[in-house]
Amino acid sequence: MSDVTLKNVRKSYGALEVIHGIDLDIRSGEFVVFVGPSGCGKSTLLRMIAGLEAISGGDIGIGGRVVNNVPSPQRGIAMVFQSYALYPHMSVYENMAFGLRLSKAPQAEIDRRVNEAARILQIESYLSRMPKQLSGGQRQRVAIGRAIVRDPKVFLFDEPLSNLDAALRAQTRVEIAKLHETLDATMIYVTHDQVEAMTLADKIVVLNAGVIEQVGTPLELYRSPANTFVAEFIGGNKMNLLPVKGSASGVALPNGRTVPFAGSDLSHAVTLGVRPEHLERVGADSAQISGAVEVIEQLGEFAIVHFRTREGDEMTIKLGGAPDIALHEDIHVALDPAVGHVFDDAGRALRAPAG
Amino acid sequence: MKYQLHPWLASNLWVLVALAIPAIFLIGALLYFTGWALAFSFTDLELVGRKAVNWSWVGFDNYARLFTRRGFLESLWTTTIFSFFSAIVGQSVLGFLLAATLRTQRSVLRGVIEATIMLGWLVPDIVAAFLWSATTAQTGLINNLIITPLGFEPVNFINEFALPVVIIANIWKGTAWSYLLFSAALDSVSREVVEAAKVDGATAFQRVWRVILPIIRPHIATNMLFITIWTFTYFPLIYALTGGGPGRQTEVLAIFLYKQSFMVGKLGYGSAISVAMLVIVGVLSLFYLRLLKEPK
């Protein structure tokens, strides 16, 4: 059993509370990603699970045992740090063997486990090198190797890819996914990058200002964000949010046109959310919203077009390929109520699109 | 390694030459004085009297005297004890412990301790000597505050525990340097590396011994190099405090050298002592410089 449970976990520094009572169940073997903007408390939460930060309130359980006062090494966890945190004075082999040496494991056992981890990560050829002779990507592998050697119940990753360049980050992301498949261990992964969260997680925990905004699978969060924070945070391109007036039958756009939503009472609606990829570019006659193009981000495969509506709201639309549009031109869009998100004045979702 | 000269400098070489002049004078003066000391060490030159004028070459007589006459070897031993306990054990270990424990503190206590050890460093040697002399005297603070109230006879510390008093005074005087150096060194150790060791199961002692100390080893070697050189040739505080006494209990090499040269007046012998000190410090420095190098 290697599930992790958090019950009303709190953290405060003096009078300042930074984690406000987190409840979370992580099942054995799950890949859970804590995601949120910097300062949201995600790293602090991870460090509390690791035993590097004291818990101010609540309980943390690992494998069915409350570990609030259990020192890190006895929690059955291994941690991969953002800076890799390799011991600079030890070879790659010794870096990975350090934990086993401290626990007085026999040399044959150390050899076996270090070589096994090195094989999985394909770092066998530089076991005798020093960390400073390695590239960033290689150091990252050694850091992961050091975690594997400990044979932990739970792997903790603290923004492990943020020091790598973009290409290496994408590649390592895939390798971490494979590693999870191979090791079948519980993994908790902290990142501020929603792409990492979406691609790696079985379950995403969106944190903001010390509270959980939403927990769910990547698709659940993408399709049914519980509030405007999650709606804006999750998704490759930031969701458009428009001020609207709700009514029993639908919502009225700033330009007065009504988007009908059947079957739900939306009289408290104040915000309409629609993702750039769900907007449709149409001709002037069937337009629901019209505006002038301000920026075109051309990415080849698709383009993100930023435009300002006649009412002054900024919006973006994602258009496939290389769209035939120029700066300052008029653009007309329509939205299908099936893909619209509606939020009340507290930012809570009133209605999620179907599918 | 090949150095590239800045383009501006390359076309204005006279600037380099001009800048080199003070250095050349300085190095020249150092070599000149060292050369004279070396030359005198092979003579029977004296400060006053006939041999101050009509000196003669005596070969290695002065060096032989270092080992055959009483004085040098005893002083070397005293200096070794003094350096080992006040610099290497005292200043270094105490400086490290203070740096390691205080760096996590943000309290008034830290400020007080830092100010205290800085004061020790900043107070002139002669003033420090007077303070220690007064504090440890038979009618001094320690006797009045601790010894007498406990019902013991007052102790004249400088007479009865001369070397320990001098060692403690020098620890007090010099710990600030080691503290500052180790504080900076510890700041250079990544917090995550120490935490990684914690997760790996290292106890506090193992984290220090197997992770932090190896990482700051070059800093330790640098510190050792400096404080050994300073302490080995240290003169003013000891001289002002005890004058080398009582008897010759605190007669370190610097004081022995001073007495032989300027009180006894044997400049030739004194020069030989200084050359011997130079050699000893040089050998120690080589040892530390080896430590500074990264392991292959």
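Helices H12 and H15 of chain B are roughly antiparallel to each other. Their axes cross at roughly 170 degrees, and angles over 145 degrees count as roughly antiparallel. This is a predicted model. The briefing starts with that helix pair, then turns to chain A, its mixed sheet, its two domains and its contact with chain B.

**Helix pair in chain B**

- H12(B) spans residues 217-232, and H15(B) spans residues 267-292.
- The two axes come within 8 Å.
- On the H12(B) side, the contact is made by Arg217(B), Pro218(B), Ala221(B), Thr222(B), Met224(B), Leu225(B), Thr228(B), Ile229(B) and Phe232(B).
- H15(B) answers with Val281(B), Leu284(B), Ser285(B), Tyr288(B), Leu291(B) and Leu292(B).
- By class, this contact has 11 nonpolar, 3 polar and 1 charged residues.

**Chain A overall**

- Chain A holds 8 helices and 22 strands.
- Its C-alpha atoms fill a box of roughly 80 × 45 × 35 Å along the principal axes.
- Of the 355 residues in chain A, 40% are buried.
- Among contacts in chain A with a separation of 6 or more, 64% join residues 24 or more positions apart.

**The six-stranded sheet of chain A**

- The sheet is open and has 6 strands, in the order S6-S7-S8-S3-S9-S10.
- Pairing in this sheet is mixed.
- S6 (77-80) and S10 (211-216) of chain A are the edge strands, and each pairs on one side only.
- Neighbouring strands are turned by 15 degrees against each other on average, direction ignored.
- Strands of a sheet pair through backbone hydrogen bonds, either parallel or antiparallel.

**Strand S9(A) and its partners**

- S3(A), residues 31-35, and S9(A) run parallel and are joined by 4 bridges.
- In that pairing, Val33(A) of S3(A) stands opposite Ile204(A) in S9(A).
- S9(A), residues 203-208, and S10(A) run antiparallel, with 5 bridges between them.
- Ile204(A) also stands opposite Gly216(A) in S10(A).
- Ile204(A) is thus set opposite Val33(A) and opposite Gly216(A).
- Asn208(A) stands opposite Val211(A) in S10(A).
- S9(A) and S10(A) form a hairpin, with 2 residues between the strands.
- Ala209(A) lies in the turn and has a positive phi of about 50 degrees.

**Domains of chain A**

- Domain 1 of chain A covers 4-228, and domain 2 covers 237-351.
- The C-alpha centres of the two domains lie 38 Å apart.
- Their contact involves 5 residues of domain 1 and 8 residues of domain 2.
- The side of domain 1 that touches domain 2 has 2 nonpolar, 3 polar and no charged residues.

**Contact between chains A and B**

- 16 residues of chain A are in contact with 14 residues of chain B.
- On the chain A side, S6 and helix H2 (92-102) are the elements that give two or more residues.
- H2(A) gives the most, with 3 residues.
- The chain A side divides into 11 nonpolar, 5 polar and no charged residues.
- S6(A) thus has two roles: it is an edge strand of the sheet, and it gives residues to the side that touches chain B.

Note on methods
Residues numbered from 1 in each chain as written. Chains lettered and ligands numbered in written order. Predicted model: local features only at pLDDT ≥ 70, side-chain atom pairs only at ≥ 80, totals over all residues. Pairing = 2+ DSSP bridges. Axes fitted to C-alpha atoms, helices over the stretch in contact; angles between N-to-C directions. Contact = placed C-beta atoms within 7 Å. Nonpolar A, V, L, I, M, F, W, Y, C, P; charged D, E, K, R; others polar. Domains from an automatic or database assignment. Parallel < 35°, antiparallel > 145°, perpendicular 65-115°, else oblique. Buried ≥ 20, exposed ≤ 12 C-beta atoms within 10 Å, placed from the backbone.
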